[in-house]
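Visitor: Hi! I have this one open in my viewer and would love a quick tour. Could you walk me through it?

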Amino acid sequence: MTGTVHVVDVESGNLESLKNAIEWLGYSVKWVTEPEQLKDAEKLIFPGVGNYGHFVGEFTAKGFKEPVIEYINSGKPFMGICVGLQALFTSSVESPGTEGLDLIHDSLLKFDPSTKSVPQIGWAAAKTGSLYGVNNGRRFYFVHSYRASPEAARAQGWEVVTAQYGDEEYIAALCKDNIFATQFHPEKSGKEGIKVIGAFLKGDKETQRPAEAITPGLAKRVIACLDVRTNDQGDLVVTKGDQYDVREKSSESGVRNLGKPVTLAQKYSDDGADEITFLNITSFRNSPLKDAPMLEVLRQTAKSVFVPLTVGGGIRDIVEPDGTVLSALTVASMYFRSGADKVSIGSDAVFAAEEYYASGKILSGKTAIETISRAFGAQAVIVSVDPKRVYVSKPEDTKHHTIHTEFKGPNGEEYCWYQCSVKGGREFRDLDVQQLVQAVEAMGAGEILLNCIDKDGSNSGFDLELIQDVKDSVRIPVIASSGAGNPAHFVEVFQKTTTDAALGAGIFHREEYRVSDVKKALKDAKIPVRL
Ligand code: 1PR
C-alpha cells in the first residue's frame, strides 16, 4: 500500500468500482460518510452520479459543504468525478435553485437533444489540453446530459481539457492548484482511466503520452453480452439461445454451458469490449435476495474489469416468500453496491408502459424506472426490449405502429409491427415497440437495449429496419442487439442505422470472432471506435 485515499460517500451509485480502481493502484480506501472524517484526509476524491440537485442536496444536508471547502482551502489534493466536477460550479439548469460549491462561477447547460442522443453515453476523446494523463487522443467513458462550457472556467484561471459532442464543446477535465476534476468516469475508462487516477494520486499533472490522431467525439460502442442462468447442476453459467431457446438440441437437452461469467467478462474486457452486460435470464423465477451468486459475479468482475457493467433480470418490486417487500429501487441499489453501473429492466417496463397508456399517459412516479432514475440518474436505467415481428398485409390491419419491410412475411405480407414480450419471450402483450420505448423514455429511462427474438442467435445480422425505427422514435441512446454473426454485421449496423452501440453474444462465446476483430473492422470502415 502506498497510502490512504479518502472517498466521500453520499450514497450516489456505484462507488465499488472506484474503490476497486484505487486498490488496484496499491492504495487503501477510507469512506467518508460524516464531515468530521475529512480532517484525517490527505487525498480526497469526491465522486457523484445522478441528478445535480439530488447530489448537491444530499451532501449539503449531511453538512459536507463547508468542510469540503475547508479541505480544498488547505491545499491538499482534491479530485471530483462526474457530478463531483459539476458540483464545483455555481448551479446547473438541471436543478434551478440548488447552489453548488461555487468555486467556478458559472451554470451547467443541457446538451441540445435536437441533433443527438441525450444523455451522452460512451467513450469520447479528449480534444484540447492535457492534465494528469487526460490527453489529446485518449478516450474516456462519459455519461451525462449537462455540460460545463470551457470559456467561463478558463476566464477564471482554470486549465481545461475539452471534448466535443456533436456541435457542442464541453469540459472533459479541469484543474486549478490542488483541485482536479473529470466529467468522465476514470474508474470506468479502462486502463487509460486507471492511469489518470494514478497520476492524480502521485501528483503527476504533467503525465504525457503520445497523442494519436483519432476522430473527435463519441465512439460507437461494442458491447459483449452474457446471458447467465443456473444450469441443471446448480452452477451459474453463461448460456446462449436461438430465438431465446437455451437448451442443447440433444437428447439430454441440458442448458447450453458456454463458460463462467467472471472469466468471460474479463476476457472480453481485455479484448476491448466497451461495456459488459449480464442478463440473468431466469430471474423472474427467483427472488433477487436468493440471487447471491449474481451479486458475487458482479463483485468479482468489478475488481478487475474497469468498463461499465450492466445487470438485468428481476429488477422490479419483489415480495419475498416470507412476506418481506423489496422495492425495485432497493433491488437496484443492491446491484449498484455490488459493482453494477446500470440496471436493465425488461418485463416490468412492459407492465409499466401498459399502465402508462391505460392512465392516459400519466406518470405515477412509482414505477421501477422512475424511482431508480430519480435516485441514480437516467444513465443508470436501461430498458431491455424483447420484440417479435408480426406480419400484416396493410397498416390498417392493426392498431399498432407498422413498418414497410423489405423482408416479406410467409404470405407475402409487406408490413409488420413488433410485439413486446415479457418473461424472456414466453408471453406476448398487446403493446408495440414504439409504444414501449416512448413510454419508458417519458418515465426517465436513459437507454434502450433493443433485442429481437426473430434475430437472436441467428448469425444473420441485426434487424436494421427495427433498429432505425426505434432510433427515430426516441432521443435516448439505443443499443442494437440480436443477430451479430461476423464483424461485417457490426459495420453494417453502424453504417446503415444511427444506433449508438451494438451488442453481440454468441459471436464472442463461440469464439468465432474476438471483440478486437470487430473493432478492427470498424476502424477499417472509418467508424469511430475505442481501440
Ligand atoms: O424481464 O426484467 O426479468 O429481464 C430478463 C432479461 O433476460 C431481459 O433482458 C431479456 O432480454 C433476457 N432474457 C430472458 N430470457 C432470455 C433467453 O434467451 N431465453 N435473453 C433472455 C435475452 C437476448 C440478448 C442476446 C442478444 C444477442 N437474450 O441478451 O444476448 O439477442 O444474441 P446474439 O448476438 O447471439 O444474436 P426481466
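Visitor: How far apart do the C-alpha centres of domain 1 and domain 2 lie?

Guide: Happy to help! Bear in mind that this is a predicted model. In it, the C-alpha centres of domain 1 and domain 2 are 28 Å apart.

Visitor: And which residues belong to each domain?

Guide: Domain 1 runs over 4–202, while domain 2 is made of the pieces 221–345 + 364–384 + 450–524. Their contact takes 23 residues from domain 1 and 23 residues from domain 2.

Visitor: Which elements give two or more residues to the side of domain 1 that touches domain 2?

Guide: Those are α1 (16–24), β7 (120–128), β10 (139–144) and α6 (190–202). The largest share comes from α1, with 4 residues.

Visitor: How does that side divide into nonpolar, polar and charged residues?

Guide: On the side of domain 1 that touches domain 2 there are 10 nonpolar, 10 polar and 3 charged residues.

Visitor: Let's move to the ligand. How many residues surround it, and which are the closest?

Guide: The ligand is surrounded by 34 residues, and the closest are G346, S347, S384, G424 and G506. By class, the shell around the ligand has 12 nonpolar, 17 polar and 5 charged residues.

Visitor: Which elements supply at least two residues of that shell?

Guide: Strands β15 (221–230), β21 (342–345) and β29 (501–504) each do, and helices α10 (347–358) and α15 (506–509) do as well.

Visitor: Nice. What about the largest nonpolar core: which residues touch the most other members?

Guide: V343, I369 and L436 do, in a core of 161 residues. That core draws at least three residues from each of domain 1 and domain 2.

Visitor: Which residues does I369 touch, apart from those up to four places away in sequence?

Guide: I369 touches I345, A349, A352, V381, V383, V440, M443, G444 and A445.

Visitor: Changing topic: which residue does the UniProt "binding site" annotation cover?

Guide: According to the UniProt record, an unreviewed entry, the "binding site" annotation covers C82. You'll find C82 in strand β4 (residues 78–82).

Visitor: Is C82 buried or exposed?

Guide: C82 counts as buried because it has 28 C-beta neighbours inside 10 Å, and the cut-off for buried is 20 or more. Leaving aside neighbours within four places in sequence, C82 is in contact with P47, G48, V49, H144, Q183 and H185.

Visitor: I like to check backbone geometry too. Which peptide bond is cis here, with omega near 10°?

Guide: The one from V118 to P119 is cis, with omega near 10°. P119 sits in the loop between β6 (104–110) and β7.

Visitor: And what is the phi of N459 and of S482?

Guide: Neither is a glycine, yet N459 has a positive phi of about 60°, and S482 has a positive phi of about 90°.

Visitor: Where is each of them placed?

Guide: N459 is in the loop between β27 (447–450) and α13 (464–471). S482 is in the loop between β28 (478–480) and α14 (487–496).

Visitor: Why is S482 called buried and N459 partly exposed?

Guide: S482 is buried because 28 other C-beta atoms lie within 10 Å. N459 has 15 other C-beta atoms within 10 Å, so N459 is partly exposed; that class lies between 12 or fewer for exposed and 20 or more for buried.

Visitor: Great, thanks for the tour!

Key:
Residues numbered from 1 in each chain as written. Predicted model: local features only at pLDDT ≥ 70, side-chain atom pairs only at ≥ 80, totals over all residues. Core = buried A, V, L, I, M, F, W, Y, C linked by C-beta atoms within 7 Å. Domains from an automatic or database assignment. Contact = placed C-beta atoms within 7 Å. Near = placed C-beta within 6 Å. Nonpolar A, V, L, I, M, F, W, Y, C, P; charged D, E, K, R; others polar. UniProt positions renumbered as here; feature names shortened; annotations may be inferred.
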